[in-house]
Amino acid sequence: MNADSTPSRERADRCCNRSRTLDEEQKYRSVLEFHRAAREQTVKMVQELSQNQMDYRPEPGKWSVGEVLDHLILGQRLNLSYIAQVIGMKEAGQRPVLQLSFTDVDVSIAYLPKAVLPAFEVPFRVMNMFLPSSVRDFLTRYRLVPAQTAEITTPRRGRAVDELRNDLISSLKEMEVLLKSHQHLDYSEMVVEHPLLGNNTVPGLLRFLTLHEQRHRSQIESVLNSPGFPRST
């Protein structure tokens, strides 16, 4: 007679649930390392730039390298605040889903006026229900579709070069500290929803931030390679 009297189906369910948990943990650690590696590459790319080089704009209305970096820093700290909110919801016994609107983050695409964004909130939410994640990743990573930056992540011009480099490093550390201090929680259960940016779990947000950073690193490369870029430090 089998000493384990647990029904075989129950044992199988427990096994499968455990496997899924380990799988989610592996995905989380993988995407965190992906994000960390991207930030290290960005820091390395701008490590030797002078203030004059950081502030150079290739054309009127185009961002300087410093502005691109500040945008990345603001975006990371904004999403850090969202992650902290869903963690707080989970720990308070609430459903850990943070619903954002265009009032919270007024990012837009192409030449769609921001004033009309509220009218498109429902259509965008429906579209995101059917948009494959691979397509969303592609649109986030590559600069094929013009984007209008959200007011809350509009960069500040002329920030000191040392401050920018320090903030690139410290904003990543802030993210890592928050996630490590709550690593007993299941981050795949926590979701941040936005009409245009879609529904992202915490690992999904880390992936979004990484692809977004890669997109803007291409923008930095364009500035560095522009004919008028100051060559001397």
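Is glutamine 76 buried or exposed at 1% relative accessibility?

## Burial of glutamine 76

This report describes a predicted model. Glutamine 76 has a relative accessibility of 1% and therefore counts as buried, the cut-off for that class being under 20% relative accessible area. The residue is part of helix α3, which covers residues 65–91.

## Surroundings of glutamine 76

The side chain of glutamine 76 makes a polar contact with the side chain of histidine 35, at 2.7 Å. Histidine 35 also appears in the list of residues in contact with glutamine 76 once neighbours within four places in sequence are set aside. The others in that list are Arg39, Ser171, Leu172, Met175 and Leu209.

## The sheet

The model contains an open sheet of three strands, arranged in the order β1-β4-β5. Pairing within this sheet is mixed. Its edge strands are β1 (97–99) and β5 (198–201), each of which pairs on one side only. From one strand to the next, the twist averages 15°.

Strand β4 spans residues 191–194 and pairs with β1 in the parallel sense, over three bridges. Valine 97 has valine 191, in β4, as its bridge partner.

## Helix α3 against the sheet

Helix α3 packs on the sheet and touches two of its strands, β1 and β4. The direction of α3 makes about 130° with that of β1. The helix that packs on this sheet is also the one in which glutamine 76 lies.

Terms used: Residues are numbered from 1 along each chain as its sequence is written. This is a predicted model: local features need pLDDT of at least 70, side-chain atom pairs count only at pLDDT 80 or more; totals for chains, interfaces and linings use all residues. Side-chain values use heavy atoms; hydrogens and water are left out. Helices (H or I, at least four residues) and strands (E, at least two) are DSSP runs, numbered from the N terminus. Buried means under 20% relative accessible area, exposed over 50%, partly exposed in between (1.4 Å probe, protein chains only). A polar contact is a pair of N or O atoms within 3.5 Å; within protein, one must be able to donate a hydrogen and the other to accept it, and residues adjacent in sequence count only if both atoms are side-chain atoms. Contact means heavy atoms within 4.5 Å. Two strands pair if DSSP finds at least two bridges between them. Axes are lines fitted to C-alpha atoms, for helices over the stretch in contact, and angles run from 0 to 180 degrees between N-to-C directions.
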